[in-house]
Amino acid sequence: MSKPLPPDHDTTLHVRDHCLCLHTQRAARRLARMFDDALRPVGITNGQFSLMMSLNRPQPARMKEIADFLAMDRTTLTANLKALERRALVAIAVDPDDRRGRLLTLTDDGLATLTEAMPIWRETHGALEAGLDDCDMLRRQLQLLS
């Protein structure tokens with residue numbers, strides 16, 4: 001059996017111009033930088049904002065449900081939570097129903113940080129949406145992939 005040939009330059013250009021994964025990754029990085037820059041005055045990143053928003057609920061959240069919602073493995077979630085816990089923005093407690101599990105809660109400081117971040121998020125998100133043709137369609141299509 002012969003060894004396959006490496007892709008030629010035309011194939012490379014085709015992948016560059018058509019790869020949905022590449023285009024999604026590039027867009028995600030640009031969006032992340034945009035929101036990181038916007039949220040910098042509050043002292044959080046866009047990833048921390050999303051994580052904290054997922055914890056903004058009446059009852060503590062289980063780690064598994066947050067990991068699933070954010071499409072994040074538990075190791076990465078744990079690392080992200082530790083940074084927020086050190087800053088006293090999130091509290092992590094043992095789940096009394098399953099001592100192996102953890103319950104996640106926003107602290108008062110975490111809620112205050114989200115309160116401060118919301119107008120920034122709204123302004124940044126509004127400017128982003130204003131530059132796009134059909135945000136609802138884009139959201140639906142992205143949700144199909146997630």
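So, the hairpin: it joins E2 to E3 through two residues. Bear in mind that this is a predicted model. E2 and E3 pair in the antiparallel sense, and there are six bridges along that pairing. Two facing positions are worth pointing at. Asp95 sits opposite Asp98 in E3, and Val90 sits opposite Leu106, again in E3.

Now the whole sheet. It's an open one, three strands, antiparallel pairing, and the order is E1-E3-E2. Strand E1, residues 61–62, and strand E2, residues 90–95, are at the edges with a single partner strand each, so one side of each has no neighbour in the sheet. And what lies across E2 and E3? That's H5, which runs at about 120° to E2.

Okay, on to the core. The largest nonpolar core has 21 residues, and the ones with the most contacts inside it are Ile44, Phe49, Met52, Leu55, Ile66, Leu77 and Leu81. Who supplies it? At least two residues each come from helix H3 (46–55), helix H4 (63–69), helix H5 (74–86), strand E3 (98–106) and helix H6 (108–130). H3 gives the largest share of this core, four residues.

Let me zoom in on Leu55 for a second. Leaving aside residues up to four places away in sequence, Leu55 touches Ala61, Ile66, Leu81, Val90, Leu104 and Leu106. You'll recognise Val90 and Leu106 there, the pair that stand opposite each other in the hairpin strands. Ile66 and Leu81 come up again too, since both are on that list of residues with the most contacts inside the core.

Last thing, the pocket. The largest one has a volume of about 1600 Å³. There are 30 residues lining this pocket, and the closest to its centre are Ala28, Leu31, Asn46, Ser50 and Leu142. Which elements give two or more residues to the lining? Those are helix H2 (20–39), H3, H4, H6 and helix H7 (135–145). H2 provides the largest share of that lining, with seven residues.

If you want to follow the overlap on screen, look at H3, H4 and H6. Each of them supplies at least two residues of the core, and each also gives two or more residues to the pocket lining. That's my tour, happy to go back to any of it.

Conventions
Residues numbered from 1 in each chain as written. Predicted model: local features only at pLDDT ≥ 70, side-chain atom pairs only at ≥ 80, totals over all residues. Heavy atoms only, no water. Core = buried A, V, L, I, M, F, W, Y, C linked by side-chain atoms within 4.5 Å. Buried < 20%, exposed > 50% of the residue type's maximum accessible area, 1.4 Å probe, protein only. Contact = heavy atoms within 4.5 Å. Pairing = 2+ DSSP bridges. Axes fitted to C-alpha atoms, helices over the stretch in contact; angles between N-to-C directions. 1 Å grid on protein atoms, 1.4 Å probe; cavity = no way out; pocket = protein on both sides within 12 Å on 5 of 7 lines; lining within 4 Å. Points joined across faces, edges and corners; volume = space filled by probe spheres on them.
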